[in-house]
Structure formats: C-alpha cells, structure tokens
Amino acid sequence: MGACRDVTRIAANQCCQLNQNSIIAVIFAFICVLLLATFPGWHEETDSDGSEREVKPFPSRPVSQIALAIIFIASIFVLVSVLWQHTASVAASVIAEDFGNGAVRSGVGTSAMVMGWFSFTLLIIVTIGLLVMILSIQVLAEMAR
C-alpha cells in the first residue's frame, strides 16, 4: 500500500508542475502578442514627386527577436507539459489495468491528447512564422543596401 501512496504523491507533484508550465507558457504567449501589437501600421508619406503613398515600415528588429525568443520558450514549456501529460496518461492507464487484474479496461483519451499536441503545434507555427519574418526582413534590408 505504501508504494501506491508514493505513486499517487509523485503523480500529484507532476500535475502541479504541468499546470505551472502551462500557465507560464500562456503568459509568455500573451507577452509575445503584446510585443507584436507594437509593430508599426500603415501611414502615408510624401515622396520626392510630391505625391502621397501608403507605406508600412518594417517592425523593430530587437522587438521581433525578443518576441521570437519568448514564443520559443513558451513552446518549449508546452512541449514539456504535453510530453509529461502524455506519459502520465499512459502510465495511469497501465497502472489502473494492472491493479484491476484484468477486470478494468482503460485507455488514453484522444481528445485530451489532440488538444495538448495541437496547442504545441500552434506555438511552433507562430515560432516558425516569426523566424521567417525576421529572416526575410533581414534579406530585404541587405538587398536594399
């Protein structure tokens, strides 16, 4: 019976850690959204001919790089959370079946797994998008020189 209590205590500690990682990742993603909101918008400029045209300047490079770093860290936190969630779900399922001596059938819910991995996939898409944006702005800036 003591081994069962130890397993339960370890699982409870892991759940608390998963919640902390998820909360930190959500906070980092929100900070990234706030940083992306500082990007400049369209405005009108007068060119040398005297005509007005709409211009959208490039976003600040340091702000873009900070946003990329923050969303990358958030995606790592979510990856760790999802991996531990997946591992804990499978382990709990196997333990329940083993303790039931075949009388209990259990499985891992696909909906929960899909939601966890989908959130990680979305953060990776944002990370790749920011990286592509930073690199393309860098290439455009070098071509303009």
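**Contacts, helices and burial in a predicted model**

Mentor: In the protein, 69% of the contacts with a separation of 6 or more are between residues 24 or more positions apart. The model under discussion is predicted.

Trainee: What is the order of the elements of the protein from the N terminus on?

Mentor: The order is α-β-β-α-α, and the secondary structure comes to three helices and two strands.

Trainee: Why does Ile-73 count as partly exposed?

Mentor: Partly exposed covers relative accessible areas that are neither under 20% nor over 50%. Ile-73 has 38% relative accessibility and therefore counts as partly exposed. Its place is in helix α2, residues 61-99.

Trainee: What makes a nonpolar surface patch of Ile-73 and other residues, and which residues are they?

Mentor: A residue of such a patch must have over 30% relative accessible area and no salt bridge, and nonpolar side chains are joined within 5 Å. Ile-73, at 38%, is over that cut-off, so its accessibility agrees with membership. The patch is made by Phe-72, Ile-73, Ile-76, Val-80 and Trp-84, and its area is about 430 Å².

Trainee: How do you know that α2 has a span close to the one expected?

Mentor: Helix α2 has 39 residues, and from first C-alpha to last it reaches 56 Å. The expected value, at 1.5 Å a residue, is 57 Å, and the two are close. For α3, with 35 residues, the corresponding values are 50 Å and 51 Å, again close.

Trainee: Which residues of α2 are called buried?

Mentor: Buried means under 20% relative accessible area. In α2 the buried residues include Ser-64, Ala-67, Leu-68, Ile-71, Ala-74, Ser-75 and Val-78. An α-helix has 3.6 residues a turn, so residues three or four places apart point the same way.

Trainee: What makes up the largest nonpolar core?

Mentor: This core has 13 residues, and Cys-32, Ile-71, Val-78 and Leu-130 are those with the most contacts inside it. Two or more residues come from each of α1 (2-36), α2 and α3 (110-144). Helix α2 gives the largest share, seven residues. In soluble globular proteins, nonpolar side chains tend to be buried together.

Trainee: With which residues is Ile-71 in contact, leaving aside its neighbours within four places in sequence?

Mentor: Contact requires heavy atoms within 4.5 Å. The partners of Ile-71 are Ala-29, Cys-32, Leu-123, Val-126, Thr-127 and Leu-130. Leu-123, Thr-127 and Leu-130 are among the buried residues of α3.

Trainee: Is Ile-124 of helix α3 buried or partly exposed, and why?

Mentor: Buried would require under 20%. Ile-124 has 29% relative accessibility, so it counts as partly exposed. Its C-alpha atom is 9.5 Å from that of Ala-74, although 50 residues separate the two along the chain.

Trainee: Why is Val-94 called partly exposed?

Mentor: Exposed would require over 50%. The relative accessibility of Val-94 is 41%, and therefore Val-94 is partly exposed. Val-94 belongs to helix α2, and its C-alpha atom is 8.2 Å from that of Gly-107, 13 residues apart along the chain.

Trainee: What share of the residues of the protein counts as buried?

Mentor: The share is 18% of the 145 residues. The accessible surface comes to about 10200 Å², with 68% belonging to carbon and sulfur atoms.

Technical notes. Residues numbered from 1 in each chain as written. Predicted model: local features only at pLDDT ≥ 70, side-chain atom pairs only at ≥ 80, totals over all residues. Heavy atoms only, no water. Patch = residues over 30% accessible without salt bridge, like charges linked within 9 Å, V, L, I, M, F, W, Y side chains within 5 Å. Areas by Shrake-Rupley, 256 points an atom, 1.4 Å probe, with all protein chains shown as cover. Salt bridge = Lys/Arg side-chain N within 4 Å of Asp/Glu carboxyl O. Helix = DSSP H or I, 4+ residues; strand = E, 2+ residues; numbered from the N terminus. Buried < 20%, exposed > 50% of the residue type's maximum accessible area, 1.4 Å probe, protein only. Core = buried A, V, L, I, M, F, W, Y, C linked by side-chain atoms within 4.5 Å. Expected span 1.5 Å × (residues − 1).
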